Amino acid sequence: MGAKTARGLATQEALVRAARIIFERDGFLDARIVDITAEAETASGSFYTYFNSKEEIFQSVVQQLADEGLHPPSLEYLDGAERDFEKLIEKHHRAYLEMYQRHAKMMAVIEEVTSISDKFLHWRTQQAQPYVESNVATVRKLQRAGLVDRKLDPLLSARALSAMVSRSAFITFVLEEEDKKAVGGLAKTLTRLWVNALGLRK
């Protein structure tokens, strides 16, 4: 399915924009397709020209977020870096946390759907896999270079570090509803924890 003309593409994009508004307002379970089409100012029946289900349009909304940086940053930026590791990590953490705080409502809905849909959980895991693999490869390379603790398991370390960032963001910006003022302190704290956990050396 999907748009095949410029007009169809515009309608499809309008539906995705509208879906995000409705999902953020009502959550996934209470969101209705009729409300999405009303928000998009399109006929109710037109929805099924572009999407098979509410789940499918939700996935399209999440894919747009992924393009903005849905996942914690890959460690590959440390590969070959000659600058201060800590400063570089903090920069990337700050960018991710700013994105997360900006889209906190949608991130809350993503957590909701992840907990109730095995299909979406599987899709989300697949989407994250390239980031995990990149992190593992970078940890191994830094270990060979003597810059990271060689006793660490690369895969478990990569997963733990990414989970630390994403869950901290969820707790801070979704559960506690902190504003953007919290970004700086959280970025610094997570960075220090990363540096200590990896045993990073300049």
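This report walks through a predicted model of an all-helix chain, from its overall make-up down to a few single residues.

## The big picture

Let's start with the fold. The protein has nine helices and zero strands, so the pattern along the sequence is simply α-α-α-α-α-α-α-α-α. Its C-alpha atoms fill a box of roughly 60 × 35 × 30 Å along the principal axes.

Of the 202 residues, 46% are buried. Contacts also reach a good way along the chain: take those between residues at least 6 apart in sequence, and 70% of them join residues at least 24 apart.

## The core and F23

The largest nonpolar core has 58 residues, and F23 and F58 are the ones with the most contacts inside it. In general, nonpolar side chains in soluble globular proteins tend to be buried together.

What does F23 touch? Leaving out residues up to four places away in sequence, the list is F28, A31, I36, K54, I57, F58, V61, M106 and V109. F58, the other residue named for its core contacts, is one of those partners.

## Helix α1 and its two neighbours

Helix α1 covers residues 6–30, and helix α2 covers residues 33–40. The two pack at an angle of about 125°, with their axes 8 Å apart. Angles from 65 to 115 degrees would count as roughly perpendicular and those over 145 as roughly antiparallel, so this pair is classed as oblique. The crossing of α1 past α2 is right-handed. On the α1 side, the residues that meet α2 are A14, L15, A18, A19, I21, I22, F23, R25 and D26; on the α2 side they are D35, I36, T37, E39 and A40.

Then there's helix α4, residues 54–68, whose axis comes within 10 Å of the α1 axis and crosses it at roughly 105°. That angle makes α1 roughly perpendicular to α4. Here α1 supplies L15, V16, A19, R20, F23, F28 and L29, while α4 supplies K54, E55, I57, F58, S60, V61, Q64, L65 and E68. F23 of α1 turns up in both interfaces, meeting α2 as well as α4.

## Helix α9

Does the length of α9 fit a regular helix, or what span should we expect from its 17 residues? At 1.5 Å a residue, residues 182–198 should span 24 Å, and the end C-alpha atoms are 24 Å apart, which agrees. Right after α9 comes G199, with a positive phi near 65°.

Plenty of α9 is tucked away: A182, V183, G184, L186, A187, L190, T191, W194, V195 and L198 are buried. An α-helix has 3.6 residues a turn, so residues three or four places apart point the same way. The buried residues of α9 pack against α5 (85–102) and α8 (154–175).

## Two residues up close

V195 sits in helix α9. Its relative accessibility is 10%, so V195 counts as buried, the cut-off being under 20%. Setting aside residues up to four places away in sequence, V195 touches E86, I89 and L200. V195 and L152 are 43 residues apart in sequence, with their C-alpha atoms 13 Å apart in space.

Is E98, over in helix α5, buried, exposed or partly exposed? At 37% relative accessibility, E98 counts as partly exposed, because that value falls between the 20% and 50% cut-offs. E98 and D179 are 81 residues apart in sequence, yet 9.7 Å apart in space, C-alpha to C-alpha.

Conventions:
Residues are numbered from 1 along each chain as its sequence is written. This is a predicted model: local features need pLDDT of at least 70, side-chain atom pairs count only at pLDDT 80 or more; totals for chains, interfaces and linings use all residues. Side-chain values use heavy atoms; hydrogens and water are left out. Helices (H or I, at least four residues) and strands (E, at least two) are DSSP runs, numbered from the N terminus. The expected span of a helix is 1.5 Å times one less than its number of residues. Buried means under 20% relative accessible area, exposed over 50%, partly exposed in between (1.4 Å probe, protein chains only). Contact means heavy atoms within 4.5 Å. A nonpolar core is a set of buried Ala, Val, Leu, Ile, Met, Phe, Trp, Tyr and Cys residues joined through side-chain atoms within 4.5 Å. Axes are lines fitted to C-alpha atoms, for helices over the stretch in contact, and angles run from 0 to 180 degrees between N-to-C directions. Angles under 35 degrees count as roughly parallel, over 145 as roughly antiparallel, 65 to 115 as roughly perpendicular and the rest as oblique. A crossing is left-handed if the near helix is turned anticlockwise from the far one by less than a right angle, and right-handed if clockwise.
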